Amino acid sequence: MNRYNILILMNTSESLIMSTSVPPTVPMAVKIDLEMKARIQRLGDVRHRSMHWLMKEAIRQFVEREEQQEALRQEGIQAWEAYQDTGLHVTQEEADTWMARLEAGEDVEPPHCHV
């Protein structure tokens with residue numbers, strides 16, 4: 001969800017008013033070796049993008065991927081804790097049977113958990 005970089009144009013009788021909402025940014029320095037710098041520069045030239053844009057995009061993608069991975073990890077921890085508390089589970093055979101039916105195109109409910 002990107003709520004930034006919104007351009008609002010309003011034509012009034014006196015002037016054209018332009019407003020931009022941009023998130024606050026801070027400069028950061030990253031030390032990379034000369035070979036990596038050259039690789040980024042070559043990629044930027046081919047993609048018609050600046051090195052700055054490529055590095056920002058790489059960081060954005062990395063952070064999103066890592067956040068998703070951490071969310072999955074936390075979900076797994078919560079599932080394990082719920083299992084330890086309740087003992088509710090399905091067997092591998094039950095899960096395999098259910099998944100095979102889904103793969104075959106059947107619209108089936110997941111198996112019921114049991115102790």
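How many salt bridges does a search of the whole structure find? The search finds four, in what is a predicted model, and three of the pairs involved are set out below with their closest N and O atoms.

| Salt bridge | N to O distance |
|---|---|
| Arg60 and Glu57 | 2.4 Å |
| Glu70 and Arg73 | 3.0 Å |
| Arg101 and Glu106 | 3.0 Å |

**Salt bridges in helix 2**

Glu57 lies in helix 2, and Arg60, its salt-bridge partner, stands three residues away in that helix, so that about one helical turn separates the two. The side chains of Glu57 and Arg60 are also joined by a polar contact of 2.4 Å. Glu57 counts as buried because its relative accessible area, 18%, falls under 20%, whereas Arg60, at 37%, is partly exposed. Glu64 extends this arrangement, since Glu57, Arg60 and Glu64 are linked in a network of salt bridges.

Glu70 and Arg73 are likewise three residues apart in helix 2, with about one helical turn between them. Glu70 is partly exposed at a relative accessible area of 33%, and Arg73 is partly exposed at 47%. In general, an α-helix has 3.6 residues a turn, so residues three or four places apart point the same way.

**Aromatic rings**

The structure holds one aromatic pair, formed by Trp80 and Tyr83, which are tilted with 35° between the planes and lie 5.5 Å apart, centre to centre. These two residues are also three apart in helix 2, about one helical turn from each other, and Tyr83 is partly exposed, with a relative accessible area of 37%. Elsewhere, Arg49 lies over the face of Trp53, at 4.0 Å from the ring centre.

**The loop and the annotated region**

His48 lies in the loop between helix 1 (34-47) and helix 2 (51-86), and its phi is near 55°, a positive value in a residue other than glycine. Most residues other than glycine have a negative phi. His48 counts as exposed, at 72% relative accessibility. UniProt, in an unreviewed entry, lists residues 30-66 as "domain: Ribbon-helix-helix protein CopG"; over those residues the chain is 81% helix and 0% strand, and the end C-alpha atoms are 19 Å apart.

**Helix 3 and what follows**

Helix 3 has twelve residues (residues 92-103), which at 1.5 Å a residue should span 16 Å, and the end C-alpha atoms agree with this, being 16 Å apart. Helix 3 is followed by Gly105, whose phi is positive, near 95°. In the salt bridge between Arg101 and Glu106, Arg101 is partly exposed at a relative accessible area of 38%, and Glu106 is partly exposed at 36%.

Note on methods:
Residues numbered from 1 in each chain as written. Predicted model: local features only at pLDDT ≥ 70, side-chain atom pairs only at ≥ 80, totals over all residues. Heavy atoms only, no water. UniProt positions renumbered as here; feature names shortened; annotations may be inferred. Helix = DSSP H or I, 4+ residues; strand = E, 2+ residues; numbered from the N terminus. Buried < 20%, exposed > 50% of the residue type's maximum accessible area, 1.4 Å probe, protein only. Polar contact = N/O pair within 3.5 Å; in protein donor to acceptor, adjacent residues only side chain to side chain. Expected span 1.5 Å × (residues − 1). Phe/Tyr/Trp six-rings, centres within 6.5 Å; stacked < 30°, edge-to-face > 60°. Lys NZ or Arg CZ within 6 Å of the ring centre and 35° of its normal. Salt bridge = Lys/Arg side-chain N within 4 Å of Asp/Glu carboxyl O.
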